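Q: I have a fold in front of me and I'd like to learn how to read it. Can we walk through it feature by feature?

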Amino acid sequence: MATLVAIALLSTLLCFIQYLMSNRNFIEVCELFKKEFKMLPTQVMIYQSGGFFFSFMRDSFFIIALIAKENGYYTRNMNNDEIRFIKNLPSKTTQWVKTKVFITIFSFISYLTALVFYLIAIRT
């Protein structure tokens with residue numbers, strides 16, 4: 001049980017470290033986007049200075065553009081040119097987005113596992 005809690009807490013620390021390290025990459029992608037489209041997407045501008053707790057919302061535009069397909073359900077409110085632009089960026093430029101998704105999923109699973117085991121321990 002203590003191991004699961006430690007893993008959950010370490011995954012939170014890992015999320016924070018990843019946030020600090022990806023800020024420079026986020027700014028770089030935003031600059032490339034502004035250079036191409038003369039503005040940032042609305043949701044990026046809204047959450048841009050939200051700090052650690054809003055960083056996933058800030059990055060969600062880029063995450064969805066990389067993962068989802070054009071004219072799909074998740075990209076219905078996005079411009080196809082913007083999606084193509086994000087998908088065509090070099091892998092090195094967008095690696096931070098993929099890392100963020102992986103770390104977030106790992107963190108979520110570790111917290112969920114710790115919660116389930118905690119609830120089982122309380123019940124018995």
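Q: What pattern does the protein follow, read along the sequence?

A: Reading along the sequence gives α-α-α-α-α, and the secondary structure comes to 5 helices and 0 strands. Helices (H or I, at least four residues) and strands (E, at least two) are DSSP runs, numbered from the N terminus. Before going on, two notes on the source. This is a predicted model, where local features need pLDDT of at least 70, side-chain atom pairs count only at pLDDT 80 or more, and totals for chains, interfaces and linings use all residues. Residues are numbered from 1 along each chain as its sequence is written, and side-chain values use heavy atoms, with hydrogens and water left out.

Q: What does the C-alpha trace of the protein span along its principal axes?

A: About 60 × 30 × 25 Å.

Q: How many of the residues are buried, as a percentage?

A: Start with the cut-offs: buried means under 20% relative accessible area, exposed over 50%, and partly exposed in between (1.4 Å probe, protein chains only). Here, buried residues make up 35% of the 124 residues. As for surface, the protein exposes about 8300 Å², and carbon and sulfur atoms supply 67% of it. Those areas come from the Shrake-Rupley method with a 1.4 Å probe; for residues, only the protein chains shown count as cover.

Q: How do I check the span of helix H1?

A: The expected span of a helix is 1.5 Å times one less than its number of residues. H1 (residues 2–37) has 36 residues and should span 52 Å; its end C-alpha atoms are 49 Å apart, which agrees.

Q: Where is the kink in H1 centred?

A: On Ser22, with a kink of about 40°. The bend at a residue is the angle between axes fitted to the seven residues ending there and the seven starting there. Ser22 is also one of the buried residues of H1, a list including Cys15, Tyr19, Phe26 and Phe33. The C-alpha atoms of Ser22 and Thr99 are separated by 9.3 Å, though the two are 77 residues apart along the chain. Thr99 is found in helix H5, and is partly exposed, with a relative accessible area of 29%.

Q: Which helices do the buried residues of H1 pack against?

A: Think in contacts: heavy atoms within 4.5 Å. The buried residues of H1 pack against H2 (42–47), H3 (55–67), H4 (80–87) and H5. Across the protein, among contacts between residues at least 6 apart in sequence, 62% join residues at least 24 apart.

Q: What is there to see at Lys38, just after H1?

A: Backbone phi is the thing to look at. Lys38 has a positive phi of about 65° although it is not a glycine. Lys38 is found in the loop between H1 and H2, and at 70% relative accessibility it counts as exposed.

Q: How does the span check go for H5?

A: By the rule used for H1, the 33 residues of H5 should span 48 Å; the end C-alpha atoms of H5 are 47 Å apart, which agrees. Among the buried residues of H5 are Trp96, Val97, Lys100 and Ala114. What covers the buried residues of H5 includes H1, H3 and H4.

Q: How many salt bridges are there?

A: A salt bridge is a side-chain nitrogen of Lys or Arg within 4 Å of a carboxyl oxygen of Asp or Glu. By this rule the count comes to 5. Take Asp59, which sits in helix H3: at 0% relative accessibility, Asp59 counts as buried. Lys100 and Asp59 meet in a salt bridge (3.1 Å, N to O). That pair links distant parts of the chain, with Lys100 in H5 and Asp59 in H3, 41 residues apart. Arg58 and Asp59 also meet in a salt bridge (2.8 Å, N to O), and both are buried. Arg58, Asp59 and Lys100 are thus named together as linked in a network of salt bridges.

Q: Where do the partners Asp81 and Arg84 lie?

A: Both lie in helix H4, 3 residues apart, about one turn of the helix. Their side chains meet in a salt bridge (2.8 Å, N to O). At 43% relative accessibility, Asp81 counts as partly exposed; Arg84 is partly exposed too, with 35%.

Q: Which residues make the nonpolar surface patch?

A: Patches are made of residues with over 30% relative accessible area and no salt bridge: like charges are joined within 9 Å, nonpolar side chains (Val, Leu, Ile, Met, Phe, Trp, Tyr) within 5 Å. Here Ile105, Phe108, Ile109, Leu112, Leu115, Val116, Phe117, Tyr118, Leu119, Ile120 and Ile122 make a patch of about 1100 Å². Ile120 is found in H5 (residues 91–123), and at 46% relative accessibility it counts as partly exposed.
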